[in-house]
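Please load the model in your viewer and keep the sequence panel open beside it. The tour below proceeds from one selection to the next and describes what is found at each stop.

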Amino acid sequence: MKMQQGSRSPFVLCVIVQTVIFGLGNVITKFAYESVTPLWCMVLRFGLALAVFALIFGPRMVRELRGAKLADWAPAAVCLAVGYIACNLALDVTTATNVGFLVALPVVFAPLIAQVVRRVRYPRAMIPFQVAVVGGLYLLCCNGGSFSFGAGEALSLLSSAAIAGSLVFGEKGLEKLSAPTIAGTQILAAFVLSLAAAIAAEPVVDVATIEPVAWGVIVFLAILSTCVTFALQNVALTGLPSSTVSLLLTGEPVFTALFSMALLGEFLSIGGWVGAGVILVAVVGATLVEGRDGNSEAPSSAGMERLVSQLASDSNAQ
């Protein structure tokens, strides 16, 4: 089914809102790390998010998962959890600029993974935009500095590939399960794997030593940067192909840079501004081209209506 540009707009908006929240979360997470270690911060974040999500969508998730196969949700959930853990570990052993560049590369990995997993034809029309985005990301994230490759960069690439996998497998899982259920299983997997990693790699956190500011950041990360963004991403995947969602997500470093300027006093070089401009132009151009040409592999534009109907029926059931 060929999508009209108007029918795509709500899904595009979902990803844009997601990138804004992620951009702010990337910056304020620095404040949380002043009194809590990265992995235990993730445990608290995803534990709180899981409690909130279960309270709202728990009954639906149980109903849907009873009749679902493990393959319907586990690959997307594990990929997303691995992606977040790898990213946080990378931030401990390399510069944030290098991590920002490499973690923003699902735009490269997602079409390749989709070609293997879903037998989706590689979107050749998107290649020029993908190349432009990679170049823009390099200019933005290096911001006049240098780029090197080591253990942190390897973890960042793992994170990027895993997040791309979560998009592709999530798109596939949404053929059988609703967006809230896919998002909920992703939060559950992230909590379980973060807890295991924290117990294995870091001293047990003393919650009494966590500063109020850090608790505020954890609440923001749990509610907005996890519950809301995971839901938005899966809603977007009901109306956009994973290749398009991954391209839109490259706007995250742009918002991170803007929030860094406002909250941390970090300023972009001329090259950084050029990179941000290249990313924005490429993303807008690719979105317009994909919307004009249509995409036979894209999910039905009825995804939003289906989600609203599911939410209404779930509310009545409760």
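Select Q18 to begin. In this predicted model, Q18 has a relative accessibility of 0% and therefore counts as buried, the limit for that class being under 20%. The residue belongs to helix 1, which spans residues 5-32. Display its surroundings, leaving out neighbours within four places in sequence: Q18 is then in contact with T229, L232, Q233 and L249.

**The whole chain**

Now zoom out and colour by secondary structure. The protein comprises 13 helices and zero strands, so that a cartoon view shows α elements from the N terminus onward. Of its 318 residues, 50% are buried. What share of the contacts between residues at least 6 apart in sequence joins residues at least 24 apart? The share is 92%.

**Helix 9 and its partner, helix 8**

Select residues 212-236, which form helix 9, together with residues 179-201, which form helix 8. The two helices pack at an angle of about 130 degrees, and their axes are 9 Å apart. Are they parallel, perpendicular, antiparallel or oblique to each other? Angles over 145 degrees count as roughly antiparallel and those of 65 to 115 degrees as roughly perpendicular; helix 8 and helix 9 are therefore oblique. The crossing in which helix 8 passes helix 9 is right-handed.

To see the contact itself, show side chains on both helices. From helix 8, the participants are A179, I182, A183, Q186 and I187; they meet T226, C227, F230, A231, N234 and V235 of helix 9. By class, this contact holds eight nonpolar residues, three polar ones and no charged ones.

Remain on helix 9 and select S225, which is located there. With a relative accessibility of 2%, S225 counts as buried. Apart from residues up to four places away in sequence, S225 touches I21, F22, R45, F220 and F230.

**The aromatic pairs**

Next, display the aromatic rings. How many aromatic pairs does a search of the whole structure find? It finds four. One of them is formed by F46 and F230, a tilted pair with 6.3 Å from centre to centre and 50 degrees between the planes. F46 lies in helix 2 (residues 38-66) and F230 in helix 9, so this pair ties together parts that are 184 residues apart in sequence. Both F46 and F230 are buried.

A second selection for comparison is F53 with F57. Their ring centres are 4.9 Å apart and their planes stand at 45 degrees, so this pair is tilted. F53 and F57 are separated by about one helical turn, because they are four residues apart in helix 2. F53 counts as buried at 3% relative accessibility, and F57 is likewise buried, with a relative accessible area of 14%.

Add Y84 to the view of F46 and F230: ring pairs link these three residues into a cluster.

**Helix 2 against helix 8**

Keep helix 2 selected and bring back helix 8. Their axes come within 7 Å and cross at roughly 145 degrees. The crossing of helix 2 and helix 8 is left-handed. Its contact residues divide into 22 nonpolar, five polar and two charged.

**Two partly exposed stops**

Move to F169 in helix 7, which covers residues 151-173. Is F169 buried, partly exposed or exposed? F169 has 23% relative accessibility and therefore counts as partly exposed. Draw a C-alpha to C-alpha distance from F169 to A76: the two residues are 93 residues apart in sequence and 4.8 Å apart in space. Beyond residues up to four places away in sequence, F169 touches P75, A76, C79 and V117.

Finally, select G271 in helix 12, which runs over residues 270-293. G271 counts as partly exposed, with a relative accessibility of 25%. Add G136 to the selection: the C-alpha atoms of G271 and G136 are separated by 9.1 Å, although the two residues are 135 residues apart along the chain.

Notes:
Residues are numbered from 1 along each chain as its sequence is written. This is a predicted model: local features need pLDDT of at least 70, side-chain atom pairs count only at pLDDT 80 or more; totals for chains, interfaces and linings use all residues. Side-chain values use heavy atoms; hydrogens and water are left out. Axes are lines fitted to C-alpha atoms, for helices over the stretch in contact, and angles run from 0 to 180 degrees between N-to-C directions. Angles under 35 degrees count as roughly parallel, over 145 as roughly antiparallel, 65 to 115 as roughly perpendicular and the rest as oblique. A crossing is left-handed if the near helix is turned anticlockwise from the far one by less than a right angle, and right-handed if clockwise. Contact means heavy atoms within 4.5 Å. Ala, Val, Leu, Ile, Met, Phe, Trp, Tyr, Cys and Pro count as nonpolar, Asp, Glu, Lys and Arg as charged, and the others, Gly among them, as polar. Buried means under 20% relative accessible area, exposed over 50%, partly exposed in between (1.4 Å probe, protein chains only). Rings of Phe, Tyr and Trp (its six-membered ring) pair if their centres lie within 6.5 Å; planes under 30 degrees apart count as stacked, over 60 as edge-to-face and the rest as tilted.
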